[in-house]
Amino acid sequence: MQKYILQIILSFLSVAAFAQQPAQYSLHMFNRMAYNPAYAGMDNSLSMTGVFRKQWVDLAGSPTSQHVNVHAPLPFLSSGFGLTFQNDELGAERNLGLTAAYNYQIPVGRSGILAIGVAGGIVQKNLNGAIIRTPDGSYTDGNVINHQDGLLPINEVAATAPNIEAGIYYKSERFEAGFAARNLLEQEFAFPTFNPSALRAYFFNASANFDLTSTLSMQPSVFVKSDVLQTQVDFSVLFQYNDNISVGASFRGYDANTSDALALIGGFRLSEKVRLYYSYDVTLSGLNTVNTGSHEILVNYNLNKEFGEGVPPPIIYNPRDL
């Protein structure tokens with residue numbers, strides 16, 4: 001069992017170090033800003049979202065992720081602005097990211113908005129060589145670490161690189177869709193002994209909103225992540241009652257070979273401005289024998305107030321007073 005877990009952890013490190021895979025979230029439908037800079041300001045008010053995810057509980061070295069973003073519309077510029085922070089830990093690896101996003105919004109039809117956005121920031125990759133264990137390494141003395149691999153460090157090392165993102169997003173009353181790309185520079189991380197590159201990653205989402213009754217609505221959606229070499233698809237269906245209670249499920253994978261998890265999702269409104277959502281992922285892949293599922297919680301705060309209120313109207317001179 002220990003050898004099996006070691007192989008899993010080493011494979012995680014290989015994928016993360018050389019493919020720079022984005023962190024995985026099951027509640028992505030409530031947090032489009034996490035993947036697409038063009039979504040900035042599309043909640044029509046100041047919006048702040050925080051997410052915590054623990055994946056594959058009880059599996060040593062499994063991912064733990066946190067994400068925080070804040071964004072708001074800038075109506076006087078027909079645009080939106082946002083900031084995002086990401087912390088993703090995976091075995092001996094940790095990735096920290098900070099980006100700023102800006103978009104330009106174009107009215108489409110009666111209720112639609114088309115936004116084109118860009119984001120720039122930095123990513124710091126940390127690798128803790130002290131906790132890595134290789135099959136041929138020597139660790140007989142707790143104070144001596146010898147991986148028998150010249151590429152792996154024996155202590156913690158870090159490298160920083162820039163990150164550029166771009167996206168496009170359309171949103172209307174009944175339908176929304178977006179496409180975004182991350183790591184456009186395919187930047188390198190200059191570690192002392194090796195320089196892994198970040199692969200470009202692509203994201204696509206589409207969702208619709210159907211009123212079933214006066215108090216019940218249904219929101220089907222699809223979310224695709226790809227670096228061209230690997231592609232992952234989420235299919236989701238949510239039901240919302242009285243604009244308050246949400247329940248539904250999401251399936252990750254598109255055939256028997258790619259099935260990853262079934263996410264059970266629920267949430268409700270804590271107050272006029274705060275919503276809370278929770279997801280429990282039932283593992284469907286071969287890892288289901290070594291973990292007890294994944295947990296994710298998301299909190300969103302929306303000011304629910306249009307920006308620009310309080311700005312005085314333009315002065316209209318009355319000719320009778322001249």
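In β10, F210 has M218 as its bridge partner. That small pairing is a good way into this structure, which is a predicted model.

**Strands around β10**

F210 brings us to strand β9 (residues 210-211), which runs antiparallel to β10 and is paired with β10 over two bridges. Follow the chain from β9 to β10 and you pass through a hairpin, with four residues between the two strands.

Strand β10 (residues 216-226) also pairs with β8, again in the antiparallel sense, over six bridges. Look for S207 here: S221 in β10 stands opposite this serine.

What stands opposite F223 in β11? The residue is D234. Strand β11 (residues 231-241) and β10 are antiparallel too, and eleven bridges link them. These two strands form a hairpin with four residues between them, and V228 in the turn has a positive phi of about 80°.

Here are the three pairings side by side:

| Strand pair | Sense | Bridges |
|---|---|---|
| β8 and β10 | antiparallel | six |
| β9 and β10 | antiparallel | two |
| β10 and β11 | antiparallel | eleven |

**The nonpolar cores**

Now let us turn to the inside of the protein. How many residues does the largest nonpolar core have? There are 15, and those with the most contacts inside this core are Y25, L27, Y35, F203, I265 and L298. Strand β8 (201-208), which you met as a partner of β10, supplies at least two residues of the core, and so does β13 (261-269).

I265 is worth clicking on in the viewer. Setting aside neighbours within four places in sequence, I265 touches a list of residues that includes S26, L27, M29 and F30, as well as L238, V247 and Y278. Small residues are also among the contacts of I265, including G248, S250 and S279.

There is also a second, separate core, made of eleven residues, with A92, V123, A161 and F189 among them.

**The largest pocket**

Finally, consider the empty space. Rolling a probe the size of a water molecule over the atoms shows where such space is left. In the largest pocket, this space comes to about 1500 Å³. The pocket is lined by 50 residues, and the closest to its centre are Y39, M42, D43, K171 and E176.

Which strand gives the largest share of the lining? That is strand β2 (residues 64-74), with four residues. By character, the lining of the largest pocket divides into 22 polar, 15 nonpolar and 13 charged residues.

Technical notes:
Residues are numbered from 1 along each chain as its sequence is written. This is a predicted model: local features need pLDDT of at least 70, side-chain atom pairs count only at pLDDT 80 or more; totals for chains, interfaces and linings use all residues. Side-chain values use heavy atoms; hydrogens and water are left out. A nonpolar core is a set of buried Ala, Val, Leu, Ile, Met, Phe, Trp, Tyr and Cys residues joined through side-chain atoms within 4.5 Å. Buried means under 20% relative accessible area, exposed over 50%, partly exposed in between (1.4 Å probe, protein chains only). Contact means heavy atoms within 4.5 Å. On a 1 Å grid over the protein atoms alone, a cavity is a set of points where a 1.4 Å probe fits but cannot get out, and a pocket is an open set with protein on both sides within 12 Å along at least five of seven lines; lining residues have an atom within 4 Å of a point. Grid points are joined across faces, edges and corners, and a volume is the space filled by probe spheres set on the points. Ala, Val, Leu, Ile, Met, Phe, Trp, Tyr, Cys and Pro count as nonpolar, Asp, Glu, Lys and Arg as charged, and the others, Gly among them, as polar. Two strands pair if DSSP finds at least two bridges between them.
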